[in-house]
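Reader: I am new to this structure. Can you walk me through it with short questions and answers?

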Amino acid sequence: MSRMEGKVALVSGGAEGIGAAVARLIVAEGGSVMLGDIQLEKAQELAAELGERADACQLDVRDLHQWEAAVSATRGRFGKLTVLCNIAGISEPGNVPDGALDVWERTIDINLHGPFYGMRAAIPAMEASGEKCAIVNIGSMIAMRPAAFVAAYSASKAGLRGLTQSVALDLAERGLPIRANMVHPGAIRTPMYNRYKFSGADTPENIETNFAATHPMNRIGEPEEVARAVVFLASDEASFTTGCDFTVDGGGSIRS
């Protein structure tokens, strides 16, 4: 398959979870990928596994200068940048009255400031490529249907939804061939999910049962299922799609 042939992607959070699944599929579909992650050694190991069309760089998404360096590294290694996948994110429990302030600050920094900085750094490089380009931001079914126990996560993902739509409108109005869309996963079997599952708040079996029950399909999703949606939106097959919400949540955002 070659949906990503000729495409060059920068993937934040590319070392593991959804980011790693996206990177694998981009390469499988003929594209090239730069894995940006704070876990540089792990990202480098994956890049080596994926071969000559993959590389890795240090990326703390909270730092605009690191984003600028990552964009520069991608262009230096592959000659251009045509796809940005903002995958890096965190989720920690806490409500407004009692939740830890550092959880709020860290979540907003990573989940909202991070994609903002990524798009700020990437859009000029995409425009310079002269090619059709795409931005895909990872949201959450909680962006569509907020949850009481994760105030910061709910706010960050809802905020990113508004930001993505604003960027999509701006790029279209300026006549730039750059689309911006969101994929909203439900509970997906990633390291972030496992931190909840093995948190000790209940047995892992009960926690999984409770998470699965928030999805009408009554199961936990897999990273590859999210990756397929991301790569579709990043490809030219989605050429008339921008500002959209693509849910991969087993019906969780529309449940009664």
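Author: Start with a pair of strands. In this predicted model, β6 and strand β7 (residues 245-248) pair over four bridges, and the sense of the pairing is parallel.

Reader: Which residue of β7 stands opposite Pro-185?

Author: β6 covers residues 178-185. It pairs with β7 in the parallel sense. Across that pairing, the residue opposite Pro-185 is Val-248.

Reader: How many bridges join β5 to β6?

Author: β5 covers residues 133-138. These two strands run parallel. Within the pairing, Ile-135 stands opposite Ala-180. The number of bridges joining β5 to β6 is six.

Reader: Which residues of β6 point the other way from Ile-178, Ala-180, Met-182 and His-184?

Author: In a regular strand, side chains alternate between the two faces of the sheet. β6 can be split into two sets in this way, and all of these residues are buried. The set facing the other way is Arg-179, Asn-181, Val-183 and Pro-185.

Reader: How many residues of β6 are buried?

Author: Buried means under 20% relative accessible area. β6 is mostly covered. The count of buried residues is eight of eight.

Reader: Which residues touch the most other members of the largest nonpolar core?

Author: This core has 36 residues. Elements giving it two or more residues include β1 (8-12), β2 (32-37), β3 (54-58), β4 (83-86) and α9 (223-234). The residues that touch the most other members are Val-22, Val-33 and Val-183.

Reader: Which element gives the largest share of this core?

Author: Several helices and strands give two or more residues, among them α2 (40-50) and β5. The largest share is eight residues. Its source is α1.

Reader: What does Val-33 touch, apart from residues up to four places away in sequence?

Author: Val-33 is one of the core residues with the most contacts to other members. Its list includes Arg-53 and Asp-55. In full, Val-33 touches Ala-9, Val-11, Ala-23, Ile-26, Val-27, Arg-53, Ala-54, Asp-55 and Phe-78.

Reader: How many residues are in the second, separate core?

Author: Leu-10, Leu-59, Leu-81 and Ala-125 are included in this second core. Its size is 28 residues.

Reader: Which residues lie closest to the centre of the largest pocket?

Author: The largest pocket has a volume of about 1000 Å³. Its lining holds 48 residues. The closest to the centre are Gly-89, Ile-90, Ser-91, Thr-190 and Met-192.

Reader: Which element gives the most to that lining?

Author: Elements giving two or more residues include α4 (101-129), α6 (151-173) and α8 (204-213). By class, the lining has 24 nonpolar, 15 polar and nine charged residues. The element that gives the most, with five residues, is α7.

Reader: What is the volume of the second largest pocket?

Author: Its lining has 15 residues, and those closest to the centre are Lys-132, Pro-177, Ile-178, Arg-179 and Ser-239. β5 and β6 each supply at least two lining residues. The classes are seven nonpolar, four polar and four charged. The volume is about 190 Å³.

Reader: Which residue has a positive phi although it is not a glycine?

Author: Most residues other than glycine have a negative phi. This exception sits in the loop between α8 and α9. Its phi is about 60°, and the residue is Asn-218.

Reader: Is Glu-41 buried or exposed?

Author: Glu-41 lies in helix α2. The cut-off for exposed is over 50%. Glu-41 has 58% relative accessibility, so it counts as exposed.

Reader: What is Arg-75 in contact with, leaving aside its neighbours within four places in sequence?

Author: Arg-75 is in helix α3 (residues 64-78). Its relative accessible area is 38%, so Arg-75 is partly exposed. Leu-81 and Ala-125, both included in the second core, are among its contacts. The full set is Lys-80, Leu-81, Ala-125 and Ala-128.

Reader: What separates the C-alpha atoms of Ala-155 and Ile-142?

Author: Ala-155 is in helix α6. It is partly exposed, at 32% relative accessibility. Ala-155 and Ile-142 are 13 residues apart along the chain. Their C-alpha atoms are separated by 9.0 Å.

Definitions and conventions
Residues are numbered from 1 along each chain as its sequence is written. This is a predicted model: local features need pLDDT of at least 70, side-chain atom pairs count only at pLDDT 80 or more; totals for chains, interfaces and linings use all residues. Side-chain values use heavy atoms; hydrogens and water are left out. A nonpolar core is a set of buried Ala, Val, Leu, Ile, Met, Phe, Trp, Tyr and Cys residues joined through side-chain atoms within 4.5 Å. Buried means under 20% relative accessible area, exposed over 50%, partly exposed in between (1.4 Å probe, protein chains only). Contact means heavy atoms within 4.5 Å. On a 1 Å grid over the protein atoms alone, a cavity is a set of points where a 1.4 Å probe fits but cannot get out, and a pocket is an open set with protein on both sides within 12 Å along at least five of seven lines; lining residues have an atom within 4 Å of a point. Grid points are joined across faces, edges and corners, and a volume is the space filled by probe spheres set on the points. Ala, Val, Leu, Ile, Met, Phe, Trp, Tyr, Cys and Pro count as nonpolar, Asp, Glu, Lys and Arg as charged, and the others, Gly among them, as polar. Two strands pair if DSSP finds at least two bridges between them.
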